[in-house]
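Student: I am new to this structure and would like some help reading it. Could we look at it together?

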Amino acid sequence: MRIHVLPDRAGIGTIGAALVAAAVRDTPDLLLGVATGSSPEPVYAALAARVAGGLDLGGVSAVALDEYVGLPVDHPESYRSVVRRTVVRPLRLDPARVAVPDGTAADPSAAADAYDAAIVARGGVDLQILGLGHNGHVAFNEPGSSFTSRTRVVALTARTRAANARFFGGDVDAVPTHAVTQGIGTVLQARRLLLVVTGRDKAPVVAAALTGPVDEFCPGSALQTHPDVTVLLDEAAATYLDASLLDDPDRTCAAAGAR
Ligand code: GLP
């Protein structure tokens with residue numbers, strides 16, 4: 001696990017975009033996993049600047065991590081809309097190559113199974129961008145999610161709904177109660193992971209996920225078991241991390257947690 005602490009969100013964007021651009025240079029038909037949420041936004045913004053400057057992402061396909069169940073697809077806060085607004089348009093991706101779980105399917109569980117199978121059939125995600133929830137959730141895998149879980153329908157915790165109420169005019173009752181999410185097992189099958197976390201409010205969960213016990217009650221701790229993880233933090237999110245872990249490619253956080 002490589003952990004980089006940047007002074008601000010712009011710095012995170014620069015490093016994250018460089019990493020994605022290098023991956024696309026190596027693999028022009030890259031399958032990129034995209035996360036919603038505010039943390040990855042600087043990476044998308046910096047990538048958009050590179051695209052405006054000539055970087056061609058036309059061969060890239062993308063899969064989203066998750067989607068609310070029951071929100072109309074054209075609702076501005078459906079993840080389909082968010083991905084279109086923050087990723088597809090600014091990065092000039094081919095919309096036909098971008099998939100978001102279907103939260104409006106008559107049978108959302110069957111649609112979730114099909115989504116997972118399509119990722120596997122495509123050969124798996126090459127580079128997965130991730131955020132981290134205050135309770136350690138990854139995508140919408142809430143605490144207690146099995147590390148072998150696959151794409152499925154889940155119930156959202158009250159804390160997650162409260163955190164996301166800001167996207168629904170502050171009305172927690174407007175936040176859907178369920179979502180379709182890639183499972184932890186699905187996420188762990190991506191070849192590379194890029195975790196982006198910002199803000200002082202995330203400092204405790206960053207330390208718990210990256211240096212605490214590997215435990216299903218902290219879904220983010222599953223990342224300690226993955227062989228190729230890059231973490232981009234701002235200084236505030238890194239507040240509780242042991243300084244000796246930072247920017248040291250030879251030290252795993254799992255080992256650090258055992259010290
Ligand atoms: C959301 C998303 C996650 C995201 C997380 C953190 O609920 N489903 O994929 O990583 O919460 O979001 P943010 O970066 O806005 O704090």
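**The ligand and its pocket**

Tutor: Gladly! Let us begin with one contact: an oxygen atom of the ligand is 2.6 Å from an N or O atom in the side chain of Lys202. That is a polar contact, meaning a pair of N or O atoms within 3.5 Å. This is a predicted model, in which local features need pLDDT of at least 70, side-chain atom pairs count only at pLDDT 80 or more, and totals for chains, interfaces and linings use all residues. Residues are numbered from 1 along each chain as its sequence is written, and side-chain values use heavy atoms, with hydrogens and water left out.

Student: How much of the ligand's accessible area does the protein cover?

Tutor: Accessible areas come from the Shrake-Rupley method with a 1.4 Å probe. On its own, the ligand has 390 Å² of accessible area. The share of this covered by the protein is 94%.

Student: Which residue has a backbone N or O atom 3.4 Å from a nitrogen atom of the ligand?

Tutor: Side chains come in elsewhere: one N or O atom in the side chain of Arg166 is 2.9 Å from an oxygen atom of the ligand. For the ligand nitrogen, the backbone atom at 3.4 Å belongs to Ala139.

Student: How many residues surround the ligand?

Tutor: A residue counts if one of its heavy atoms lies within 4 Å of the ligand. The closest are Ser38, Ser39, Asp66, Arg166 and Lys202. In total, the number of residues surrounding the ligand is 13.

Technical notes
Polar contact = N/O pair within 3.5 Å; in protein donor to acceptor, adjacent residues only side chain to side chain.
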